[in-house]
Amino acid sequence: MRVVIVGASGRSGRAAVAHALAAGLEVVSIVRRPASAPEGTIVATADARDVAALTTALRGADAVISTIGHVRADGDVVLLQEGMAALLAAMEAAGVSRVIAVSASGAYVAHDDPLSRFVAKPILERVLKANNTDTRAMDAALAASATDWTSLRPSRLIPGAGAADYRVGIDRTVRWHYSTRFDTVGRAAVDALSRPEWIRHAVYITE
């Protein structure tokens, strides 16, 4: 299987690359700077909004994993929705139907426990309102598409070695669990490639 990973130089992206390579997959890394691409991958240079460059990188692929996310310093609060619009256009042009997109559970209330629903997430919504709006717009575009999509929604992201036995909620959060390592996100993104039951669902993950 040939999988394209958008944002391969980021923390979730590098984790996804590592797990994909460990699974014996052929990996195309889409990055803005070639020097930042993980070793052992085919390197494609593209901006997340560049439909033509994305289309070229996607040709011949079986699936795509998008791991782009907000970077606090750049203040780009439409990156996810505009990046997804470009990616969906490129997928259609390249004939690729399977996509896994890393989203965030913090942007949603989905059967949460009381602490999350009434304390943590209202605070997050005030602090990260623009980012959450962008995340929800990305997911809405994904859900409206004709692709075989999965929205992967981890809890609060932290560094460290991940877990193979992470917890999963289909279209609902996992109650009373609040953090996920970047490595686990990468693992789950690759796992999604072989989980047809995750297609056209929001998959909440945590540890």
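**Figure 1. Ser36 and the residues it touches.** In this predicted model, Ser36 touches Ser9, Arg14 and Val31, once residues up to four places away in sequence are set aside. You'll find Ser36 in the loop between strand E2 and strand E3 (42–45). Is Ser36 buried or exposed? Ser36 has a relative accessible area of 10%, and anything under 20% counts as buried, so this loop residue is buried.

**Figure 2. The whole protein, before we zoom in again.** Let's step back for a moment. The secondary structure adds up to six helices and 10 strands. Measure along the principal axes and the C-alpha atoms fill a box of roughly 45 × 30 × 30 Å. For 207 residues, a compact globule would have a radius of gyration near 17 Å, and the 16 Å of this protein agrees with that. How much of the protein is tucked away? Of its 207 residues, 49% count as buried. Now take the contacts between residues at least 6 apart in sequence: 70% of them join residues at least 24 apart.

**Figure 3. Val6 and its contacts.** Val6 sits in strand E1. With a relative accessible area of 6%, Val6 is buried. Which residues is Val6 in contact with, leaving aside its neighbours within four places in sequence? They are Ile30, Val64, Ile65, Ser66, Thr67, Ile68 and Leu87. Look for Asp47 too: Val6 and Asp47 are 41 residues apart in sequence, yet their C-alpha atoms are 9.3 Å apart in space.

**Figure 4. A cavity inside the protein.** Rolling a probe the size of a water molecule over the atoms shows where empty space is left. Here the count comes to one cavity of 30 Å³ or more. The volume of the largest cavity is about 50 Å³. Which residues line the largest cavity? The lining is made up of Val6, Ala48, Leu54, Ser66, Ile68, Gly83, Met84 and Leu87. Sort these lining residues by type and you get six nonpolar, two polar and no charged. Helix H3 (residues 79–94) gives the most to the lining, with three residues.

**Figure 5. The largest nonpolar core.** In soluble globular proteins, nonpolar side chains tend to be buried together. The largest nonpolar core in this model has 29 residues, and the members that touch the most others are Ile30, Leu58, Val64, Leu87 and Met91. Where does this core come from? At least two residues each are supplied by strand E1 (2–6), strand E2 (26–31), helix H2 (51–58), H3, strand E5 (98–102) and helix H5 (129–144). H3 gives the most to this core, with nine residues. There is also a second, separate core, this one of 25 residues, including Ala16, Leu25, Ile100 and Val102.

**Figure 6. Val64 up close.** What is Val64 in contact with, leaving aside its neighbours within four places in sequence? Its contacts are Val4, Val6, Leu58, Leu87, Met91, Arg98, Val99 and Ile100. You've met Val64 already: it is one of the residues that touch the most other members of the largest nonpolar core.

**Figure 7. Helix H6, mostly covered.** How many of the 10 residues of helix H6 (residues 182–191) are buried? Seven of them are, so the helix is mostly covered. The buried ones are Phe182, Thr184, Val185, Gly186, Ala188, Ala189 and Val190.

**Figure 8. Pro196 in the loop after the helix.** Pro196 lies in the loop between H6 and E10. Is Pro196 buried or exposed? Its relative accessibility is 61%, so it counts as exposed. Thr150 is 46 residues from Pro196 along the chain, and the C-alpha atoms of the two are separated by 9.6 Å.

**Figure 9. Two residues with a positive phi.** Most residues other than glycine have a negative phi. Asp171 isn't a glycine, but its phi is positive, near 65 degrees. Asp171 is placed in the loop between strand E8 (167–170) and strand E9 (179–181). With a relative accessible area of 39%, Asp171 is partly exposed. Arg200 also has a positive phi, about 60 degrees, although it is not a glycine. Look for Arg200 in the loop between H6 and strand E10 (201–206). Arg200 counts as partly exposed, at 38% relative accessibility.

Methods: Residues are numbered from 1 along each chain as its sequence is written. This is a predicted model: local features need pLDDT of at least 70, side-chain atom pairs count only at pLDDT 80 or more; totals for chains, interfaces and linings use all residues. Side-chain values use heavy atoms; hydrogens and water are left out. On a 1 Å grid over the protein atoms alone, a cavity is a set of points where a 1.4 Å probe fits but cannot get out, and a pocket is an open set with protein on both sides within 12 Å along at least five of seven lines; lining residues have an atom within 4 Å of a point. Grid points are joined across faces, edges and corners, and a volume is the space filled by probe spheres set on the points. Helices (H or I, at least four residues) and strands (E, at least two) are DSSP runs, numbered from the N terminus. Ala, Val, Leu, Ile, Met, Phe, Trp, Tyr, Cys and Pro count as nonpolar, Asp, Glu, Lys and Arg as charged, and the others, Gly among them, as polar. A nonpolar core is a set of buried Ala, Val, Leu, Ile, Met, Phe, Trp, Tyr and Cys residues joined through side-chain atoms within 4.5 Å. Buried means under 20% relative accessible area, exposed over 50%, partly exposed in between (1.4 Å probe, protein chains only). Contact means heavy atoms within 4.5 Å. The radius of gyration is taken over C-alpha atoms; the globule rule is 2.2 Å times the number of residues to the power 0.38.
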